[in-house]
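Work through the exercises below with the structure open beside you. Try each task before reading its solution.

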Amino acid sequence: MNKAQSTLLAEALRRGEATRNVMEDALVDYGRWILVNVFDDDAAAALDGRSRNTVWVTLLRRAGGPTLRLSRRMLYVAVEIAARDKRINDDVWRTLEPGRKELLLPLADEPVMRKAAKHVVEMKLSQDKTREYVAELRTTVGDAPKARATMGRVAARVRSFHATLGSATALRSLKKLTTDASDEEKRALAKELDAVATWLAAARRMVRG
């Protein structure tokens, strides 16, 4: 890379970082506004996966559409970061930027999240490394206490699954992928989908009583 290219790259990196800061600041600000104005600054209510708050439910219904061009996932992330910021009274957590906070949200248990934030900051983990660390925490017995199962947490995991794979964009992407996939790959995915469908049917029966 010559001098001109190095200079151009440095400027591109600078502008990229500035863009990230603006986007994350806006997301955090929106989440805090929703927490205060929609949920009356009640973090527990904001984290309740069964919330029937009329404004919140309407926002979710409109997310990704012409009146709210923000995805459901981003709405959930914005509000959960705001709620966790209110509940986690820790300087290290507060100094962590939103991008890595988002990666810690699946841990769900706040003492675990606080401990994880400390590790991420002390080890200066990148987002990729933070993602790997969270995956290890969630699968390695003994590294961290498992979050107690609650209806809210189960709902949050289902929401996360739906937000990631249930959108129209994700389905279009899947349709495109199946065009090039081998028969073996299709059978493997179909097997997993059948397992999910079986679980879903059983779960719906339990919830509906």
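**Exercise 1: two helix pairs**

The crossing of α3 and α4 is right-handed. The model used here is predicted.

Task: Describe how α3 and α4 meet, and state which residues make the contact.

Solution.
Step 1. Locate the helices: α3 covers residues 54-62 and α4 covers residues 72-87.
Step 2. Look at the axes, which come within 8 Å and cross at roughly 145°.
Step 3. List the contact. On the α3 side are Trp56, Leu59, Leu60 and Arg61, and on the α4 side are Arg72, Leu75, Tyr76 and Val79.
Step 4. Sort these residues by class: 6 are nonpolar, none is polar and 2 are charged.

Task: Describe the packing of α7 and α8 in the same manner.

Solution.
Step 1. Helix α7 spans residues 110-122, and helix α8 spans residues 127-139.
Step 2. Their axes lie 11 Å apart, at an angle of about 145°. The crossing of α7 and α8 is right-handed.
Step 3. Ala116, His119 and Val120 of α7 touch Thr130, Tyr133 and Leu137 of α8.
Step 4. By class, this contact of α7 with α8 has 4 nonpolar, 2 polar and no charged residues.

**Exercise 2: buried or exposed**

Task: Is Glu97 buried or exposed?

Solution.
Step 1. Find Glu97 in the loop between α5 (91-95) and α6 (98-104).
Step 2. Its relative accessible area is 19%. Buried means under 20%, so Glu97 is buried.
Step 3. Check its partners: beyond neighbours within four places in sequence, Glu97 is in contact with Arg20, Glu24 and Gln127.

Task: Is Thr7 buried or exposed?

Solution.
Step 1. Find Thr7 in helix α1, residues 3-37.
Step 2. Its relative accessibility is 51%. Exposed means over 50%, so Thr7 is exposed.
Step 3. Add a distance. Thr7 and Asp183 are 176 residues apart along the chain, and their C-alpha atoms are separated by 48 Å.

**Exercise 3: a pocket**

Task: Which helices each supply at least two residues of the lining of the second largest pocket?

Solution.
Step 1. Note the volume: the second largest pocket holds about 370 Å³ of space.
Step 2. Of the 13 residues lining this pocket, Phe161, Leu165, Leu171, Leu174 and Leu193 lie nearest its centre.
Step 3. Assign the lining to helices. The ones asked for are α9 (151-165), α10 (168-180) and α11 (183-208). The largest share, 5 residues, comes from α10.
Step 4. Sort the lining by class: 9 residues are nonpolar, 3 polar and 1 charged.

Note on methods: Residues are numbered from 1 along each chain as its sequence is written. This is a predicted model: local features need pLDDT of at least 70, side-chain atom pairs count only at pLDDT 80 or more; totals for chains, interfaces and linings use all residues. Side-chain values use heavy atoms; hydrogens and water are left out. On a 1 Å grid over the protein atoms alone, a cavity is a set of points where a 1.4 Å probe fits but cannot get out, and a pocket is an open set with protein on both sides within 12 Å along at least five of seven lines; lining residues have an atom within 4 Å of a point. Grid points are joined across faces, edges and corners, and a volume is the space filled by probe spheres set on the points. Helices (H or I, at least four residues) and strands (E, at least two) are DSSP runs, numbered from the N terminus. Ala, Val, Leu, Ile, Met, Phe, Trp, Tyr, Cys and Pro count as nonpolar, Asp, Glu, Lys and Arg as charged, and the others, Gly among them, as polar. Axes are lines fitted to C-alpha atoms, for helices over the stretch in contact, and angles run from 0 to 180 degrees between N-to-C directions. A crossing is left-handed if the near helix is turned anticlockwise from the far one by less than a right angle, and right-handed if clockwise. Contact means heavy atoms within 4.5 Å. Buried means under 20% relative accessible area, exposed over 50%, partly exposed in between (1.4 Å probe, protein chains only).
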